[in-house]
Amino acid sequence: MQEVTETKLLRGKLTDKETVHQLNSLRHLFSTTVGPYGGIKLLRNNCGGHVTLTSSSSRLLAALRPTNPLARLIIEACSKHSHTYGDGALFMAHFILILIDKALKLDLDHRLITKVNSFLLELFLSHLKSDDFSCKMAVEISDVNSLCQVASTMLSSKPLYQLDEQLLKLMSSVLLETFIRSLPSERQDSSLRPILDNIHIIGIPGEETHNSFCCEGLLLEATNIKEVLSWQTQRESLENICTVVVNVSMAGDSIELPQLTYASTSLKELEQSFLSHLESFCSGLISKGIRILFCQKVVHPCLKDQLRRNGVLVFDRLGALLCSKVINLTDSVPISSFSSACSPDQLGKISKFSVMDVFGKQWLHLNQISSSLTTLVVCSQMEEQLEELKVNCNNVMLAFQHLLRTPAVLHGGGCWQFTLANKLRVEVSENLESFSSKLDCSESQLLQLCDYLCTSLEQAVSPSSQQGKKCFTHPSAGHLWIQDDHEVNAEKTCSCGVLCCSLSDLKLQPLEHSPSFDRFSKKELYGSYKPLDTISSSEPPKKPLLMDCFIPWQTAVEISVLLANMALSTNQFIFDTNCKPST
């Protein structure tokens with residue numbers, strides 16, 4: 001008789017010591033990871049195993065398994081953002097945790113904080129979406145320089161793979177070429193398939209990063225190269241080859257029961273009955289002129305021999321991801337059942353088949369004229385550098401895809417966040433009486449909460465105090481200047497590269513000395529700064545402009561405030577002690 005375990009529940013609150021400790025630990029982790037001044041994290045679980053080096057949001061967030069339900073919810077929300085948008089996830093996690101931490105230190109009711117936060121968020125978004133926002137600019141999709149700088153901004157924020165300026169330019173160009181090649185032609189319906197389905201990324205360890213390249217079609221690792229070369233010599237033509245894709249097991253262990261009559265028999269005879277049914281299925285494929293079979297799982301050796309004897313090349317154990325790329329390339333419908341014969345609509349085609357030498361190793365190069373599938377080959381000396389680079393190349397492709405839908409960027413490096421905070425402070429100070437009346441709060445409370453939200457946004461993109469940096473901003477122009485401790489007060493560009501101002505100028509305020517509205521008086525003039533040349537100018541700026549893709553970062557700001565409000569509105573967390581945490 002099964003023993004019935006009594007359900008035990010533990011309750012917690014946002015202000016509990018353990019909850020605050022976990023959130024503060026995460027906040028410290030992200031504060032020393034976000035941005036180009038962030039550090040590399042070494043990750044390993046408590047059971048040992050593989051050691052991961054990363055500063056990438058997707059790899060870092062995937063490795064974190066906090067026990068607190070609120071911390072876990074924040075991590076999962078940021079992971080989903082990284083998967084969907086590719087950029088801004090670390091900022092989002094840092095911003096949420098700062099908002100919660102600062103709110104707990106305010107002597108104000110949480111209901112008032114969330115109410116004012118929601119109102120100020122609408123002002124934030126209205127400024128961001130406005131064409132008059134000085135840190136927002138439209139991007140022509142045909143402007144190669146702008147797209148390359150978006151890629152360069154994302155790649156330069158990750159220190160692990162150590163790309164210098166020349167390698168940043170090269171990798172940005174390769175990524176842009178890959179993306180352009182993957183765009184569907186005019187005769188294809190681009191709404192049917194996301195563009196990222198047209199890109200396959202493979203990594204080559206032990207090679208220099210500058211050897212990375214892209215090519216049309218799909219590269220498959222040739223594990224059975226002798227068989228492939230023998231198959232090539234037997235064929236008169238390697239063009240317009242008929243193919244089929246099977247996404248279920250062909251090892252004879254399928255749970256699908258073919259139309260057989262069963263009687264009391266041994267397992268060996270039962271297995272033979274399944275194989276006989278699969279052999280009949282393969283005979284049908286051969287009669288239809290199939291010359292290459294791709295299988296997501298395993299093909300039984302007997303079936304491989306049958307197919308090879310009849311001139312069919314077999315590739316199995318492809319996995320779900322690679323199998324989806326093959327389906328995309330060949331434009332075939334995968335076979336998921338052996339209960340009926342393969343129909344002509346399920347067959348695919350490859351226009352060209354060849355063997356390509358890639359750094360001394362032979363790969364199969366499959367191409368289809370009507371397909372936009374493109375393979376990106378990424379190289380790096382170290383395995384962890386390679387994994388980091390592959391992840392961030394995929395994130396750049398996501399950013400490019402969002403630029404197609406909304407061709408706009410923000411001045412990166414933290415500049416648009418400081419300018420946006422400046423805008424909000426000025427707007428609140430100009431409409432203090434009407435806003436406070438609308439929110440049913442005092443003017444001092446509104447000023448306090450506006451400064452809480454703005455300083456949280458600024459802190460989310462500023463280097464941490466442990467990184468030995470000093471931050472400055474302009475009273476009216478906004479933007480962010482970052483200075484090393486050993487730097488002299490010389491003329492210096494802001495983080496995004498648009499503005500240039502002397503650090504010795506009294507109007508350039510250090511952040512730690514100006515935490516309140518006094519720093520952003522609406523009566524201030526712009527002071528002594530001069531715009532640098534834009535990227536479309538014949539003379540480039542002193543350093544490349546940093547650009548953030550608009551949609552991912554706007555969404556990150558919006559979700560951050562909403563999640564922080566949700567956390568502040570939560571009364572209790574309930575833990576079920578009978579549920580063991582997943583490893």
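**Entry 1: F281 and F338**

I began with F281, which counts as buried because its relative accessibility is 8%, under the 20% limit. I then looked up F338, which counts as buried at 5% relative accessibility. I note here that the model is predicted.

A search of the whole structure for aromatic pairs gave me 10. One of them joins F281 and F338: the ring centres lie 5.0 Å apart and the planes stand at 75°, so I recorded the pair as edge-to-face. I placed F281 in helix α9 (residues 267–287) and F338 in the loop between α11 (319–330) and β11 (348–358); the pair therefore ties together parts that are 57 residues apart in sequence.

**Entry 2: Other rings**

I asked which residues are linked into a cluster by ring pairs. They are F91, F95, W416 and W553.

I next examined Q417, found in helix α13 (residues 415–430). Q417 counts as buried, since its relative accessibility is 1%. Leaving aside residues up to four places away in sequence, I found that Q417 touches F91, L457, V461 and W553. Of these, F91 and W553 also belong to the ring cluster.

I also looked up K136, whose charged end sits over the ring of F550 at 4.4 Å from the ring centre.

**Entry 3: Salt bridges**

Side chains of opposite charge can pair when their charged atoms come close. My count of salt bridges came to 15.

I looked first at R27 and D101, which form a salt bridge with their closest N and O atoms 3.8 Å apart. This pair links distant parts of the chain, as R27 is in helix α1 (residues 17–31) and D101 is in helix α4 (residues 89–105), 74 residues apart. I noted D101 as buried because its relative accessible area is 14%.

I turned next to R59 and E384, whose side chains meet in a salt bridge at 2.8 Å, N to O. R59 lies in helix α2 (residues 57–63) and E384 in helix α12 (residues 383–405), so to speak distant parts of the chain, 325 residues apart. I found both R59 and E384 to be buried.**Entry 4: R425 and D451**

I then looked up R425, which forms a salt bridge with D451; the closest N and O atoms are 3.0 Å apart. The pair links distant parts of the chain, with R425 in helix α13 and D451 in helix α15 (residues 443–461), 26 residues apart. R425 counts as buried at 0% relative accessibility, and D451 counts as buried at 15%. I also recorded one network, in which salt bridges that share partners join R27, D101 and K105.

**Entry 5: The protein as a whole**

I noted 16 helices and 22 strands in the protein. How many of the 583 residues are buried, as a percentage? Buried residues make up 52%. The exposed area of the protein is about 28,200 Å², and carbon and sulfur atoms supply 51% of it. Among contacts with a separation of 6 or more, I found that 74% come from residues 24 or more positions apart.

**Entry 6: Confidence**

I looked up the mean pLDDT of the protein, which is 83, and 82% of the residues reach 70 or more. Over residues 187–192 the pLDDT is below 50, and the model has 6 contacts for this stretch beyond near neighbours in sequence. Residues 519–543 also have pLDDT under 50; for them I noted 64 contacts beyond four places in sequence. Where pLDDT is low, the predicted coordinates should not be read in detail.

Conventions:
Residues numbered from 1 in each chain as written. Predicted model: local features only at pLDDT ≥ 70, side-chain atom pairs only at ≥ 80, totals over all residues. Heavy atoms only, no water. pLDDT = per-residue confidence, 0-100. Contact = heavy atoms within 4.5 Å. Helix = DSSP H or I, 4+ residues; strand = E, 2+ residues; numbered from the N terminus. Buried < 20%, exposed > 50% of the residue type's maximum accessible area, 1.4 Å probe, protein only. Areas by Shrake-Rupley, 256 points an atom, 1.4 Å probe, with all protein chains shown as cover. Phe/Tyr/Trp six-rings, centres within 6.5 Å; stacked < 30°, edge-to-face > 60°. Lys NZ or Arg CZ within 6 Å of the ring centre and 35° of its normal. Salt bridge = Lys/Arg side-chain N within 4 Å of Asp/Glu carboxyl O.
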